[in-house]
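Some labels for a protein model sound settled before anyone has asked what backs them. Here each label is put to the test.

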Amino acid sequence: MIAPGLLIAAPRSGSGKTTITLGLQRALVRRGLTVRGLKCGPDYIDPAFHAAATGAPSANLDSFAMPDALLGAIAYGAADAADLVIAEGSMGLFDAVPGPEGHTGASADIAALLGWPVVLVIDVSGQAQSAAAIALGCMHYDPRIRIAGVILNKVASERHRRLVAQGMAKIGLPVLGSLPREASLILPERHLGLVQAGETDDLHARLDALAEAIAAAVDLDAVVAAAGPTMLTPPGDAIPALPAPGPRIAIARDAAFSFVYPHVEAGWRAAGATLLPFSPLANEAPPEDCDVCWLPGGYPELHASTIAGAAHFLKGLRQFAESRPVHGECGGYMVLGQSLTDADGVSHAMAGLLGVETSFARRKMNLGYRRAVLQADGPLGQAGQALTGHEFHYATIVATGDDPPFAVVTDPHGSPPAPAGSRRGHVTGSFFHAIAVAA
């Protein structure tokens with residue numbers, strides 16, 4: 001029997017669901033349960049924290065960008081290897097983009113598809129009984145899902161907790177826990193979200209502290225009891241999200257290059273590919289015995305000087321590109337370009353394999369789902385292949401150069417098709433993070 005699951009969600013971003021999710025995961029692992037984490041939406045940072053908290057792999061579930069078969073395979077793989085799945089929502093529970101019901105990117109879509117009850121996290125600072133009105137709205141807004149209980153966050157005092165609990169009792173919603181304001185429980189952040197798990201000082205000590213705080217403030221038995229059966233049948237053959245770009249994939253992996261979706265790598269391995277990591281920050285070139293080189297997104301803007309000075313890496317990358325495909329996503333795309341200007345306005349020469357010039361000094365947030373149609377054959381598929389994914393970056397393009405576009409993209413809000421990215425010879429790149437082949 002596959003494990004039951006539940007979804008930790010909130011009415012809005014910034015309510016504390018990541019902190020509470022990690023604390024619950026760690027606290028239940030410390031009780032001896034095998035817990036698996038999953039993350040709703042296009043977030044490449046939180047799954048690494050889930051993996052650290054549980055000691056087991058995590059992955060993303062995205063109702064907009066993934067077909068149901070892929071969603072089911074990822075969820076089944078987690079539930080089949082656990083006693084309990086604790087998934088984390090993104091943004092607000094019902095926040096979505098235009099799309100058919102069940103495929104809007106909302107966390108509620110995942111709860112409905114998998115049959116998982118929702119535990120609502122509400123930041124009650126600045127309110128008391130009014131928090132119950134918000135919870136009541138969540139309970140009735142979408143009849144596909146069930147709110148099993150609420151965890152109150154940022155409670156100011158015992159009196160405050162009692163007042164909020166009175167409101168919840170009035171609407172019949174169980175209060176599963178109440179957390180006080182505690183700044184030390186906040187994980188460090190930077191411009192794309194949390195500082196990556198691998199870079200967070202004393203991560204396991206922080207997770208243990210979260211677990212202890214959650215265990216003291218939340219009824220863990222009630223949380224476990226709130227979980228519901230995972231409504232899935234075993235999937236058939238493995239479903240790769242994206243075609244493996246080659247049998248042996250050289251993949252950059254360090255503090256500057258780390259944004260790779262777990263389901264993408266798992267799909268490549270399931271297709272028989274071998275992934276060989278290398279570190280540009282350590283001045284390592286892509287391994288010569290590979291068929292393709294992949295530069296993921298990450299934070300190259302924080303390491304631009306080191307990358308510009310990594311002569312062995314840059315020379316090896318250029319030589320690799322003479323005969324084999326090289327693809328860069330987001331930060332990897334920036335490194336493939338002519339130059340990268342850092343936050344201080346200093347320009348650093350990059351690989352020069354594409355004509356694009358980017359700047360982090362001229363910041364502008366670019367965020368949202370995209371549908372990309374490839375304009376030429378390459379490591380992600382043949383010309384005309386459509387992919388779903390997203391963009392999330394603050395860097396701007398200063399100059400595009402003369403390279404033809406990698407893809408033509410649209411968004412769910414009716415924007416006209418627009419060229420995106422660059423391609424030259426064996427080299428391609430764009431700010432687009434691919435999630436799956438479009439259905």
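The questions below go through sheets, a helix residue, cysteines and an enclosed strand.

Q: What kind of model is this, and what are its limits?
A: It is a predicted model, where local features need pLDDT of at least 70, side-chain atom pairs count only at pLDDT 80 or more, and totals for chains, interfaces and linings use all residues. Residues are numbered from 1 along each chain as its sequence is written, and side-chain values use heavy atoms, with hydrogens and water left out.

Q: What makes β1 and β4 paired strands?
A: Two strands pair if DSSP finds at least two bridges between them. Strand β1 (residues 5-9) and strand β4 (residues 84-88) are joined by four bridges, so they pair, and they run parallel. One of these partnerships links I8 to E88 in β4. Strands here are DSSP runs of E with at least two residues, and helices are runs of H or I with at least four, numbered from the N terminus.

Q: Which sheet has the order β3-β2-β4-β1-β5-β6-β7, and is its pairing parallel or mixed?
A: It is an open sheet of seven strands, and the pairing is parallel.

Q: Why are β3 and β7 called edge strands?
A: β3 (59-61) and β7 (175-180) each have a single partner strand, so one side of each is left without a neighbour in the sheet. Neighbouring strands in this sheet are turned by 25° against each other on average, direction ignored.

Q: How does α2 run relative to β2?
A: α2 lies across β2 (35-40), β3 and β4, and runs at about 170° to β2. Such angles run from 0 to 180 degrees between N-to-C directions, with axes fitted to C-alpha atoms, for helices over the stretch in contact.

Q: Why is T54 called buried?
A: Buried means under 20% relative accessible area, exposed over 50%, and partly exposed in between (1.4 Å probe, protein chains only). T54 has 11%, so it is buried. T54 belongs to helix α2 (residues 46-54).

Q: What makes the link from T54 to H50 a polar contact?
A: A polar contact is a pair of N or O atoms within 3.5 Å; within protein, one must be able to donate a hydrogen and the other to accept it, and residues adjacent in sequence count only if both atoms are side-chain atoms. The T54 side chain reaches the backbone oxygen of H50 at 2.9 Å. The T54 side chain also reaches the backbone nitrogen of A56, at 3.1 Å.

Q: Which residues does T54 contact, leaving aside neighbours within four places in sequence?
A: They are Q25, V29, V35 and G37. Contact means heavy atoms within 4.5 Å.

Q: How do you know that C138 is in no disulfide?
A: A disulfide is a pair of cysteine sulfur atoms within 2.5 Å. By this rule the count is zero disulfides. For C138, the nearest cysteine sulfur, that of C40, is 15 Å away, so the rule is not met. C290 is in no disulfide either, with the sulfur of C293 nearest at 8.0 Å. C138 is buried at 7% relative accessibility, and C290 is buried at 3%.

Q: Why is strand β24 called largely enclosed?
A: Four of the five residues of β24 (residues 433-437) are buried, so the rest of the structure largely encloses this strand. Strand β18 (residues 386-393) pairs with β24 in the antiparallel sense over four bridges. In β24, A436 is the bridge partner of T388.
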